[in-house]
Amino acid sequence: MHAGGPAILNAVQLGLGLTDAQLQHSRVSLAQVGNLGGSSVLDVLRRTHDTSPADGTPGLMLVYGPEFTTTALTGVWTA
């Protein structure tokens, strides 16, 4: 998920019922490189590739843009 800031991460975690583990890459990205805008999702994706989920794991990518636009993409992880 786009690491837009702690309030966004917390709200989406609560709203979607996500675990801390599911947002760990977003939180680490925010802490290490800050909010890079919509491109921060690429840093989160790189971190996910470094510790790939199991083959067949479902995924959701969320990106936020200007004036709080949202783009979402669902998929299945394949190695």
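The legends below describe close-up views of a predicted model.

**View 1. The salt bridge between Asp-43 and Arg-46 in helix α3.** The side chains of Asp-43 and Arg-46 form a salt bridge, with an N to O distance of 3.0 Å. Both residues belong to helix α3, which spans residues 40–50, and their spacing of 3 residues places them about one helical turn apart. The two partners differ in burial class: Asp-43 is buried, at 13% relative accessibility, whereas Arg-46 is partly exposed, at 41%.

**View 2. The salt bridge between Asp-43 and Arg-47.** Asp-43 also forms a salt bridge with Arg-47, and the closest N and O atoms of this pair lie 2.8 Å apart. A separation of 4 residues within helix α3 again corresponds to about one helical turn. Arg-47 has a relative accessibility of 11% and counts as buried. Asp-43, at 13%, is likewise buried, so both partners fall under the 20% cut-off for burial.

**View 3. The salt bridge between Arg-46 and Asp-50, and the resulting network.** In this view the side chain of Arg-46 meets that of Asp-50 in a salt bridge, at 3.2 Å from N to O. Arg-46 and Asp-50 are 4 residues apart in helix α3, about one turn of the helix. Asp-50 is exposed, with a relative accessibility of 55%. Through shared partners, the salt bridges connect Asp-43, Arg-46, Arg-47 and Asp-50 in one network. A search of the whole structure finds 3 salt bridges.

**View 4. The buried and exposed sides of helix α2.** Helix α2 comprises residues 24–33, and its buried residues are His-25, Ser-26, Ser-29 and Leu-30. Viewed down the axis of α2, these buried residues lie within an arc of 135 degrees and therefore line one face of the helix. Ala-31 and Gln-32, on the other side of α2, are exposed.

**View 5. Packing around helix α2 and the residue that follows this helix.** The buried residues of α2 pack against two helices, α1 (6–16) and α3. Helix α3 is also the element that holds Asp-43 and Arg-46, and the pair Arg-46 and Asp-50 lies there as well. After α2 comes Gly-34, which has a positive phi, near 80 degrees.

Technical notes: Residues are numbered from 1 along each chain as its sequence is written. This is a predicted model: local features need pLDDT of at least 70, side-chain atom pairs count only at pLDDT 80 or more; totals for chains, interfaces and linings use all residues. Side-chain values use heavy atoms; hydrogens and water are left out. A salt bridge is a side-chain nitrogen of Lys or Arg within 4 Å of a carboxyl oxygen of Asp or Glu. Buried means under 20% relative accessible area, exposed over 50%, partly exposed in between (1.4 Å probe, protein chains only). The arc is that of the directions from the helix axis to the C-beta atoms. Contact means heavy atoms within 4.5 Å.
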